[in-house]
Structures are given as structure tokens and as C-alpha cells.
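I opened the model to look up how its sheet is built and what packs against it. My entries follow.

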Amino acid sequence: MLYNTKKRLICVGMWGFFSIFAPSKRKEMNHLKRFYTGFLLLLVLVSCSCKRNATGDATLTNSRVSQANSREMPLFSADSAYQYVAEQCNFGPRVPGTDAQTACAGWLEKELRRHGAQVIVQEGEMKAYNAAMLPVKNIIGSFNADAKMRVLLVSHWDSRPFADNDPDPTKHKTPVMGANDGASGVGILLELARLCSQKLPQVGIDIFLTDAEDYGAPNDWTGTHDEKWWALGTQMWCKQAAKEGYRAQYGILLDMVGSPDATFYREYYSERYASSFVNEIWQTAARLGYGDLFINQGGGGITDDHVFINRMLHIPCVDIIDTRVDAEGSFCPEWHTTRDTMDNISKETLGKVGRVLVSLLW
Ligand SMILES: [Zn+2]
């Protein structure tokens with residue numbers, strides 16, 4: 001577990017007191033009558049027994065505390081995370097500028113507040129690849145707002161406006177539902193918010209639900225294709241967060257974390273900017289027996305929200321993203337198609353990713 005500082009009860013005061021007291025008693029021994037010797041001996045015995053009891057109790061208390069802590073590590077519910085994914089899809093594709101965007105943003109904000117987060121909604125406009133000005137709504141929910149040690153958890157909640165990777169060319173202008181590409185990561189983060197309402201972790205948690213990640217130029221766009229047209233919400237937030245001096249020890253981005261056949265390789269930019277945290281995450285997954293899901297091999301580099309967080313805020317941020325190195329495409333077959341729906345979401349995958357995060361954070 002990261003940053004899990006064990007509390008230790010310190011009995012130095014008691015040890016010090018007894019170590020000063022004991023020699024002085026020995027010095028006086030010769031000058032005391034038998035009665036007083038016996039009395040002192042009794043005192044020493046009582047003191048020693050108190051000391052032992054005190055140390056014993058402290059150890060016991062410690063072990064009870066640590067047992068209680070491990071017992072109280074909250075249980076991640078894959079059913080609940082799945083439900084959160086489904087509820088987002090019930091709004092329809094959450095494309096910037098649509099009614100679904102407005103309605104879903106309100107719901108996300110309400111859910112985070114319901115679980116006790118302090119919520120900020122950052123609204124603004126960002127220019128898209130086609131010069132359209134997009135309304136952007138970033139939603140940030142914080143737990144343990146005063147904690148200096150913070151972890152940033154990120155997922156994009158928007159849907160791609162066009163299924164430009166669909167095998168059927170007539171569907172290339174159809175918006176993507178984004179059950180996996182967007183909603184899956186948000187579903188896991190909302191479930192973690194629910195767990196925070198049950199038991200806060202020791203670290204501060206900032207859940208950043210970022211908008212307009214997936215509005216990058218479509219395949220048939222004849223103008224320039226540039227990484228700057230992706231992750232628009234994250235770029236907007238990073239500018240503001242940098243001005244305000246926002247800091248977190250590390251960040252984790254979840255993207256496409258719900259497919260039944262998911263494989264998470266150690267993504268290139270994550271290794272480059274945050275290799276020690278990549279190690280922590282993949283080792284934790286291996287400990288939990290999820291080595292077949294979190295594959296301990298390098299994957300390709302993905303332009304995703306974490307790249308901008310690493311570059312603009314210098315917060316080491318890891319992308320947990322489903323890539324298929326053996327497949328023809330680099331992502332799952334539903335990626336940017338009309339088949340990215342609830343039919344292709346696995347509770348098992350959501351549960352495994354969620355449990356890795358619980359192990360890391362609590
Ligand atoms: Zn996408």
C-alpha cells in the first residue's frame with residue numbers, strides 16, 4: 001500500500017522514568033532496614049509489572065488497530081460500479097453541447113456530493129479541431145480536503161461524437177455510447193467515492209471527471225491531426241490548477257477499464273513520467289492475483305489525459321488503459337464504434353481494477 005504510515009504508540013516516557021528511578025533505589029539499598037528493602041522490592045516488582053502491562057497493552061492496542069484497519073478496508077462492489085456505468089449510458093452519448101451532457105453533469109455532481117465530496121464544477125469553452133467552441137464541464141470531487149498527501153484520480157466522462165472506427169462507414173457520424181470509453185472509468189471512481197463515504201482513506205482524494213477528452217479530429221478529417229485536440233477538458237483544468245498551485249503526490253487515469261477481454265500493459269508515457277507508481281500499481285495487481293489483467297510488459301504510448309497532467313502540472317500520472325498489443329488495432333474492437341455499449345462491459349474487470357485501487361489507497 002502506498003503512503004500507509006503505521007501509527008506506533010511510544011512508551012519512551014515510561015521507559016525513561018523507570019530507568020532513572022531504578023539505579024537510585026539500588027544506591028540506597030545498603031542504608032535501608034530490611035523492612036524498607038522489602039517494601040522497595042515490592043515497589044520495584046509493582047513498577048516492573050506496570051511497565052510490562054503498559055507495553056503489552058500498547059502492543060495489543062496497536063495490533064487491534066492494525067487488524068481493525070485491515071478489516072475495515074472497504075469492499076469494492078463491482079455491481080455498484082456496473083450500475084454507475086449503466087446510469088451514465090442512460091443519459092445517451094454525453095457529447096459536449098448536447099442535453100445529455102448537461103443532464104449527466106448535474107447527476108455526476110449530485111452523486112459526488114451525496115457521498116460527501118467537496119465538489120467544484122469548472123465550466124468553460126475550448127476550441128475543437130474544427131474551430132467549434134465546445135462547452136466544457138469538468139467536475140472535481142475532493143475527500144479529505146485538508147490532507148497534504150493527495151492522490152488525483154481521473155477519468156473522462158464525455159462520449160466521442162462520431163463512431164469513426166465503426167466497420168460500417170454509414171455509422172461514422174453516429175455518436176459513440178462510450179460505455180467502456182469513458183463511463184467505465186467514471187463508474188469505478190463513483191464507486192470509490194461511495195467507499196470514501198463509508199471510510200475515508202488516510203490520503204486526500206481528488207476525483208477529477210474530465211470533459212471533452214474524446215473530441216479529437218475524426219479519421220476522415222482532411223485538416224491537421226494534432227494531439228492538442230484531445231483531452232480538452234484536462235488541458236482547461238491543468239491551466240487553472242497550475243495557477244492555483246494544485247499538488248498531488250501522484251495521479252491515476254482510468255480509461256477503457258470495463259471490457260471482458262481487457263489487458264493493461266505498462267503504458268509508455270506512464271513509464272516515462274511515473275515509473276515507480278507504475279511498479280506499485282502492477283505489483284499490487286499481481287499480489288491480488290490479477291497478473292493476467294495487469295500484464296507486466298511495456299505497451300505503446302497513448303495520448304490521453306495523463307500526458308497533459310504530467311507535462312502541465314508535473315504530477316506523475318499513470319494511465320491504466322486497455323490496449324491490445326497482439327490485435328490488429330491497438331485498442332479493443334469496440335473502440336470508437338457503435339458497439340461500445342453495456343453489452344461489452346464486464347463486472348469482473350470493473351471489480352478487479354476497483355480492488356487494485358482500494359488496496360493502493362486505503
Ligand atoms: Zn476514446
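**Sheet and helices**

I began with the sheet: six strands form an open sheet in the order β1-β2-β4-β3-β5-β8, with mixed pairing. Strands here are DSSP runs of E of at least two residues, helices are runs of H or I of at least four, and both are numbered from the N terminus. I took two strands as paired if DSSP finds at least two bridges between them. β1 (118-127) and β8 (317-321) are at the edges with a single partner strand each, so each has one side without a neighbour in the sheet. On average, neighbouring strands are turned by 20 degrees against each other, direction ignored.

I noted the source. This is a predicted model, in which local features need pLDDT of at least 70 and side-chain atom pairs count only at pLDDT 80 or more, while totals for chains, interfaces and linings use all residues. Residues are numbered from 1 along each chain as its sequence is written.

Next I looked up the partners of β3 (residues 150-156). With β4 (residues 204-210), β3 pairs in the parallel sense over seven bridges. Leu153 stands opposite Ile207 of β4. β3 also runs parallel to β5 (residues 250-255), joined by four bridges. There, Val151 stands opposite Tyr250.

Is β3 covered on its faces? I checked which residues are buried on each side. Arg150, Leu152, Val154 and His156 are buried on one side, and Val151, Leu153 and Ser155 on the other. That is seven of seven residues buried (20 or more other C-beta atoms within 10 Å of the residue's own; exposed is 12 or fewer, partly exposed in between; C-beta atoms are placed from the backbone).

Then the helices. α5 lies across β2, β3, β4 and β5, at about 145 degrees to β3. Axes are lines fitted to C-alpha atoms, for helices over the stretch in contact, and angles run from 0 to 180 degrees between N-to-C directions.

I turned to α5 (residues 179-198) and α9 (residues 347-361): they pack at about 45 degrees, with axes 10 Å apart. That makes α5 oblique to α9 (under 35 degrees is roughly parallel, over 145 roughly antiparallel, 65 to 115 roughly perpendicular, the rest oblique).

I listed the contact residues: Ser184, Gly187, Ile188, Glu191, Leu192 and Leu195 of α5, with Leu350, Val353, Gly354, Leu357 and Val358 of α9. Contact means C-beta atoms, placed from the backbone, within 7 Å.

Technical notes
Contact = placed C-beta atoms within 7 Å.
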